[in-house]
Amino acid sequence: MAKINRRQFLALGVGSAGAIIAANWVKGQNSNLIVQSKIASPSLYKSQDGLLEVNLEAGYTPLKVAGMPANLISYNGQIPAPRLEVKPGDTVRIHFTNNLSQPTNIHYHGLHITPTDKGDNIFLKIPSGEKFTYEFTILQNHSGGSFWYHPHYHGYVADQLLGGLAGLFIVRGKLDAIPEIKAAKEEFLVLKDFDIAGNTVIAPNHRGRMSGREGLLITGNGQINPNFELPRNGLLRLRLLNASSSHFYRLKLENHPFYLIATDGGALAEPVELTELLLVPGERAELLIPGTKEPGSYRLLNLPYDRGSMGMMGGMMGHRHRFSVSTSPQTIATITYGKPVKPVSLPNKLIPITILPEPKIARRFELNHGMIPGQGMAFLINGESFNPNHISTQVKLNAIEDWELVNTGIMDHPFHLHVNQFQILSRDGKSLPYLAGKDTVNVSPGETVRLRVKFNDFTGKTVYILDHEDLGMMAIMEILA
Ligand SMILES: [Cu+2]
């Protein structure tokens, strides 16, 4: 059982911002910092009779994060943004209004929908003050899973994502119909970092762009240390999204193993027991947590993780130095045992998944960074910086390809492919303990990750990117008929 006192909490704090948060937080909370107020869930919009029709507005609505005024941008004034839920076969119609002072658009991260027209079209520019109606269909064979939406207008992605624009997009599927999963208590946890300035929550934009922007205030569903109830003898199904633009979460639950049942693109074939989970920016994971330990409160911890960094000097000198946001575990959320329920066991089997057949086409992508004349330091894929007028990779509709990602740089880089899910074949030649649909994968310095992908159903231009940053580690690919 873990209860931390104020001094211990401050020890976990990170410099002055940590202390400010602690001071605010302690008011009215006695000394028991584990018990947080009830989570104000974001609104939920579910499809009805095959249609999800919603209004979304990006704007500067005043709001509160972690109980403090927040100088952020949001969809419909909420952090996280409203959760959208659909079923395979549904039509989605989103009436979007851009009330920001800059252009934006919406990217549907992980969804297998058209990259053109009114779908996951990241080349679309919706100018300040204008409206656009997105409309697309979720295919009948779309996998159920945890997807998400956020801006993807080049040059503004990091600022707008950091500013607060992000929400879950859930596709219900076969996993949801498994009796043990149905009996589990379902919760969602959107992880996001912010900074504090003058008692106001702001987007963490004052750090060096090259190091990636990380805030000192770690929130779950816009709260500090939200509390989730774990039914005693039952199961908690915790669906996680890392909606931070640079922050890595290395998660561990005190005294509890957890069971991974789904990743970015949906279900695994069977639950996989883990004691730790690394969730990099953009990734999702679904965990089952059995309530079979001593009843009490347990901390979901974020353990230190060194993803490498390119500070000014580090970048110039070409050497790696620690990015010291946290050197001790931080509490992300608290899981508290609730009332006993009828015992629910872990499901033995989930949704069968088979490896794609071996292809003839293989490509290699080298991830690095270097100086670009007139531009300074930029992230590079195969030595190229992002060029909006150049198609770097052309693939054929229905083709299967093996991609080898080699990180020859000094920082971890999450690699993300739009529109189609891939399977991870190996890391440094070693196969993974499970097969899963993925759209985001971390590649550490010196590491080689091999993935296999099939370009199903849709043609058109889209991108593969690194880090959700605007620094050039993105390339256009075209799927040809
Ligand atoms: Cu994406």
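This report walks through a sheet, a copper site, some salt bridges and a well-covered strand in one protein model. The model is a predicted one, so please read every value below as computed from it.

**An open sheet of five strands**

A good place to begin is an open sheet of five strands, arranged in the order β1-β6-β11-β10-β8 with mixed pairing. At its edges stand β1 (44-46) and β8 (107-109); each has a single partner strand, so one side of each is left without a neighbour in the sheet. From one strand to the next, the twist averages 25°.

Inside that order, you can follow strand β6 (residues 83-86) alongside strand β11 (residues 167-171): the two run parallel and are joined by three bridges. To find the spot by eye, look for valine 86, which stands opposite valine 171 in β11.

**The copper site**

The edge strand β8 (107-109) also leads us to the metal. Which residues are the protein donors of the copper ion? They are His107 through NE2, His109 through ND1 and His416 through NE2, lying 1.8 to 2.7 Å from the ion. Written as a sequence pattern, the spacing of the donor residues is H-x1-H-x306-H. Histidine 109 in strand β8 and histidine 416 in strand β28 (residues 413-417) are 307 residues apart, so this pair links distant parts of the chain. Are these two histidines buried or exposed? Both histidine 109 and histidine 416 are buried.

**Salt bridges across the chain**

The structure holds 27 salt bridges. Three of them are set out here, with the N to O distance for each pair.

| Salt bridge | N to O distance | Separation along the chain |
|---|---|---|
| Arginine 237 and glutamate 186 | 3.3 Å | 51 residues |
| Glutamate 276 and arginine 250 | 2.7 Å | 26 residues |
| Aspartate 264 and arginine 284 | 3.7 Å | 20 residues |

In the pair of arginine 237 and glutamate 186, the arginine belongs to strand β16 (residues 235-242) and the glutamate to strand β12 (residues 185-197). Arginine 237 is buried, because its relative accessible area of 3% falls under the 20% cut-off. Glutamate 186, at 26% relative accessibility, counts as partly exposed.

Glutamate 276 sits in the loop between β19 (266-274) and β20 (277-279), while its partner arginine 250 is in strand β17 (residues 249-253). Here both ends are partly exposed: glutamate 276 has a relative accessible area of 33%, and arginine 250 is at 24%.

Aspartate 264 lies in the loop between β18 (258-263) and β19, and arginine 284 is found in strand β21 (residues 284-290). Aspartate 264 and arginine 284 are each buried.

Some salt bridges share partners, and in this way Arg83, Glu85, Arg172, Asp176, Glu186, Arg237, Arg239 and Glu286 are joined into one network.

**A mostly covered strand**

Our last stop is strand β23 (residues 330-340). How many of its 11 residues are buried? Eight of them are, which leaves the strand mostly covered.

Two strands pair with β23. Strand β15 (residues 227-232) runs parallel to β23 and is joined to it by five bridges; one marker to look for is asparagine 227, whose bridge partner in β23 is threonine 334. Strand β22 (residues 297-302) runs antiparallel to β23, with six bridges between them. There, leucine 300 has alanine 333 of β23 as its bridge partner.

Methods:
Residues numbered from 1 in each chain as written. Predicted model: local features only at pLDDT ≥ 70, side-chain atom pairs only at ≥ 80, totals over all residues. Heavy atoms only, no water. Pairing = 2+ DSSP bridges. Helix = DSSP H or I, 4+ residues; strand = E, 2+ residues; numbered from the N terminus. Axes fitted to C-alpha atoms, helices over the stretch in contact; angles between N-to-C directions. Salt bridge = Lys/Arg side-chain N within 4 Å of Asp/Glu carboxyl O. Buried < 20%, exposed > 50% of the residue type's maximum accessible area, 1.4 Å probe, protein only. Donors = N, O, S within 2.8 Å, 3.2 Å for Na, K, Ca; no water.
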